[in-house]
Amino acid sequence: MTLSILYRGDLSSCNYDCPYCPFAKRKDSNATLTTDAQQVTRFVDYIKQHPHIQFKVFFTPWGEGLIRHYYQQAMVALSHCDHVEKVAIQTNLSCRLHWLQKANKEKIALWSTYHPGQVSREAFLDKCRQLDELGVSYSVGIVGFKETIAEIETMRTLLPPEKYVWVNALKKQADYYNEEERQRLIAVDPYVPYNMVHHESKGKACRTGDTVISVDGHGNIYRCHFIKEKLGNLYQHELTTLLQPRLCTNNTCGCHIGYVHMNDLGLYEVYKGKELERIVS
Ligand code: SF4
Ligand code: SF4
């Protein structure tokens, strides 16, 4: 059995200023960053000390982690653990990339989001080219605001054809997209219809709490990022005693990092082991 852990520590800050984001240009205090670094170190040590479990690790920070040296170090260290199958992180790709040279490229992957307005198209593409030269796997994704669709299409044409580009759909407002906009987004990302709805999930089987868990900086374990019922603590309890197949207790699930684990959707067959970093190959 492989256990996927979605890790989110105390960090909640970012160097970008996306107008819709609560972490935009938010700064953490030195004390918070010190605590976050200690938490990440403790988590990495835990993984290293449990070689009898196969892990996939996915850092999903509030804000941007990879501009912090300690996230880079954690990724590199985990990529070299025999019992870690994959280490991935959500990032805006603004950091320098030389540190990746030290990583095991077979195991490291980046969920990279392009934020038009925060970085030039050319600068982002240059980072993608660097990742290609380094041999590092990554996905490219963009938030699907209506006014961004043309830019999304342009980015699609400029990236290698085999590179999957995902779109995060806006769905707070019903019928946000007209049919033409919907089709244009599907032409870029054939799987965006999965992201255009809040999946009815209550009472349905979901791998979270069984082969996927969410862990915070204190080691508290939740089944996923969206259900705040604590299952235990990584540093206090025997992990295997906490895990079991479960049904979802939320009404709906609308984020890739959640619904991708719903059994009924069959998305593990689409992503073929790359569901965390959201790569279709
Ligand atoms: S890059 Fe991500 S975390 Fe940073 S401000 Fe933009 S949306 Fe928020
Ligand atoms: S379906 Fe979504 S909300 Fe429900 S348990 Fe799974 S990840 Fe959590």
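In this predicted model, ligand 2 is surrounded by eleven residues from Ser 201 to Met 262 in the list that follows: Ser 201, Cys 206, Thr 208, Arg 223, Cys 224, Ile 227, Cys 248, Asn 250, Cys 253, Gly 258 and Met 262. By class, six residues of this shell are nonpolar, four are polar and one is charged. Ligand 2 sits in the largest pocket.

Ligand 1 also sits in the largest pocket. Its surroundings include Cys 14, Tyr 16, Cys 18, Tyr 20 and Cys 21. Ala 24, Gly 63, Asn 92 and His 115 complete the shell. Six residues around ligand 1 are nonpolar and three are polar. No charged residue is found there.

The strands form an open sheet of nine members with mixed pairing. Their order is β8-β7-β6-β5-β3-β1-β11-β12-β13. The edges are held by β8 (165-168) and β13 (227-233). Each has a single partner strand, so one side of each is left without a neighbour in the sheet. On average, neighbouring strands are turned by 25° against each other, direction ignored.

Within this sheet, β11 (residues 212-216) and β12 (residues 220-224) run antiparallel. Two bridges join them. Ser 214 has Tyr 222 of β12 as its bridge partner. Strand β12 also takes in Arg 223 and Cys 224, two residues of the shell around ligand 2. Ile 227, likewise in that shell, belongs to edge strand β13.

Helix α2 (residues 69-79) lies across three strands of the sheet. These are β3 (54-59), β5 (84-91) and β6 (108-113). The helix runs at about 160° to β5.

Note on methods:
Residues numbered from 1 in each chain as written. Chains lettered and ligands numbered in written order. Predicted model: local features only at pLDDT ≥ 70, side-chain atom pairs only at ≥ 80, totals over all residues. Heavy atoms only, no water. Pairing = 2+ DSSP bridges. Helix = DSSP H or I, 4+ residues; strand = E, 2+ residues; numbered from the N terminus. Axes fitted to C-alpha atoms, helices over the stretch in contact; angles between N-to-C directions. Contact = heavy atoms within 4.5 Å. Near = heavy atom within 4 Å. 1 Å grid on protein atoms, 1.4 Å probe; cavity = no way out; pocket = protein on both sides within 12 Å on 5 of 7 lines; lining within 4 Å. Sits in = over half its atoms within 2 Å of the grid points. Nonpolar A, V, L, I, M, F, W, Y, C, P; charged D, E, K, R; others polar.
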